[in-house]
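Visitor: I'm new to reading protein models. Could you walk me through how to look at the place where two domains meet?

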Amino acid sequence: MSIDLNFDQQLTTIERHILDEQASHPDASGTLTGILHQIALAGKLIAKHTTRAGLADIIGRAGSTNVQGEDVQKLDVYAHRSIFRLMDHTGYLAVMGSEEEEDLIPIPEKFPVGKYVLLFDPLDGSSNIDFNVSIGTIFTVFKRVTPLGRPGTLEDMLQPASEIVAAGYLVYGSSTMMVYSTGRGVNGFTLDPSIGEFLLSHKNIRLPERPKYYSVNHGNYHYWSPGVQKYTDWLQSHEPPISMRYIGSMVADVHRTLLGGGVFYYPADTKNPNGKLRMLYEVAPMSFLVEQAGGYASTGTGAIRDVKPANLHQRLPAFMGNRELVEQVEQFLAEE
Ligand code: AHM
Ligand code: MG
């Protein structure tokens with residue numbers, strides 16, 4: 001019997017992986033490494049609370065409404081503050097943006113400003129918290145476009161997905177994972193709670209060639225355009241058959257799409273003419289990851305990566321997953 005004594009993957013912590021990636025960029029200054037490191041730390045803090053949500057008094061609503069008019073859950077506020085406080089003083093960032101804040105978030109004057117921009121959805125899918133269903137954190141990093149040394153501006157934030165330097169998510173599910181890409185493929189790390197470290201568990205994630213699932217809120221069927229209805233009917237009669245799965249937490253739905261293959265979509269409908277998902281906080285980073293894993297992401301009429309956002313909270317219809325499935329919706333919508 002031969003024993004595999006190659007322990008290298010098990011012994012690859014997220015920190016080591018981030019540093020290895022940095023080493024392959026000869027002029028990297030270590031700043032991006034620092035940002036990813038702080039996000040991983042924020043993820044551990046948030047995971048500590050999400051896994052105890054039913055026990056602690058932290059569960060429940062914070063009593064205010066966010067810019068989208070939705071209930072703000074206490075954990076949303078905690079997640080937002082964790083990321084802000086782990087980032088504000090580092091000197092890495094020029095400006096931040098959060099799905100929970102209407103305007104850009106400047107770096108406090110007492111701290112230095114840096115060359116990157118961080119956008120985050122602190123706790124996506126938070127309406128699922130009360131039901132013990134997976135939720136997540138999504139983040140995007142851009143390089144600022146305005147000159148160094150001054151506070152970042154909206155111009156630094158309103159960039160298309162094609163300019164993303166790094167993006168990823170944390171999913172708080174049956175285990176906590178961090179999945180990210182710096183444009184060199186996608187890797188996933190699972191938190192080992194006994195040692196408090198993220199370990200490389202999903203190396204070089206690629207969408208499987210044979211799609212397994214489609215994922216959409218079917219409850220909206222009668223609000224969709226005929227093209228989206230036709231597309232959904234087409235998926236239902238796909239050969240070989242594709243199963244339907246929908247959690248209602250984008251992070252978890254896209255995570256499953258990445259690992260199992262298929263398509264996740266949130267189209268425009270008569271209630272939400274631009275779809276529900278926010279371009280900068282949800283659609284751009286997740287579509288960057290899907291494309292880095294070999295898939296394609298579309299608005300239904302063209303590539304998401306080329307869309308330049310007009311404002312911080314712009315919404316955008318999104319279809320992402322295996323290329324042949326996503327291209328099919330473009331065809332149905334073009335015929336509409
Ligand atoms: P949130 O940012 O307020 O949590 O809303 C975004 C979530 C996504 O995670 C998910 O894909 C979508 O809303 C589900 O919406 P619906 O309940 O309309 O299917
Ligand atoms: Mg969200």
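Guide: Happy to, and keep in mind that this is a predicted model. People often give the size of an interface as the accessible area lost when the parts come together. Here, domain 1 and domain 2 bury about 2800 Å² between them, and 65% of that is on carbon and sulfur atoms.

Visitor: Which three residues supply the most of the area that domain 1 buries against domain 2?

Guide: That trio is Ile138, Leu158 and Tyr169, which supply 22% of the area on the domain 1 side.

Visitor: And where are the two domains along the chain?

Guide: The domain assignment puts domain 1 at 9–202 and domain 2 at 213–334. Their C-alpha centres lie 23 Å apart. At the interface, 49 residues of domain 1 are in contact with 31 residues of domain 2.

Visitor: How many residue pairs are in polar contact across that interface?

Guide: The count is 12 pairs, with both partners at pLDDT 80 or more. On the side of domain 1 that touches domain 2, the elements giving two or more residues include strand S3 (93–98), strand S5 (116–124) and strand S6 (135–143). S6 gives the most, with 7 residues. Sorted by kind, that side of domain 1 has 24 nonpolar, 17 polar and 8 charged residues.

Visitor: What about charges? How do I read a salt bridge?

Guide: The general idea is that side chains of opposite charge can pair when their charged atoms come close. This structure has 6 salt bridges by the rule used, and the count between domain 1 and domain 2 is 1. Glutamate 99 forms a salt bridge with arginine 278, with the closest N and O atoms 3.8 Å apart.

Visitor: Does glutamate 99 turn up elsewhere? What lies 3.0 Å from a polar side-chain atom of glutamate 99?

Guide: An oxygen atom of ligand 1 does. Aspartate 124 has a polar side-chain atom 2.6 Å from an oxygen atom of ligand 1. For asparagine 217, an N or O atom of the side chain is 2.8 Å from an oxygen atom of the ligand.

Visitor: Which residues come nearest to ligand 1?

Guide: Of the 17 residues around ligand 1, the nearest are Asp124, Gly125, Tyr246, Met250 and Tyr266.

Visitor: Last one: how do I spot something unusual in the backbone?

Guide: Start from the usual pattern: most residues other than glycine have a negative phi, and most peptide bonds are trans. Now look at asparagine 132, in the loop between S5 and S6. Its phi is near 60°, a positive value in a residue other than glycine. Then try the peptide bond from glutamate 239 to proline 240, which is cis, with omega near -5°. You'll find proline 240 in the loop between helix H5 (226–236) and strand S12 (243–244).

Terms used:
Residues numbered from 1 in each chain as written. Chains lettered and ligands numbered in written order. Predicted model: local features only at pLDDT ≥ 70, side-chain atom pairs only at ≥ 80, totals over all residues. Heavy atoms only, no water. Domains from an automatic or database assignment. Contact = heavy atoms within 4.5 Å. Buried area = accessible area lost by both parts, 1.4 Å probe. Salt bridge = Lys/Arg side-chain N within 4 Å of Asp/Glu carboxyl O. Polar contact = N/O pair within 3.5 Å; in protein donor to acceptor, adjacent residues only side chain to side chain. Helix = DSSP H or I, 4+ residues; strand = E, 2+ residues; numbered from the N terminus. Nonpolar A, V, L, I, M, F, W, Y, C, P; charged D, E, K, R; others polar. Near = heavy atom within 4 Å.
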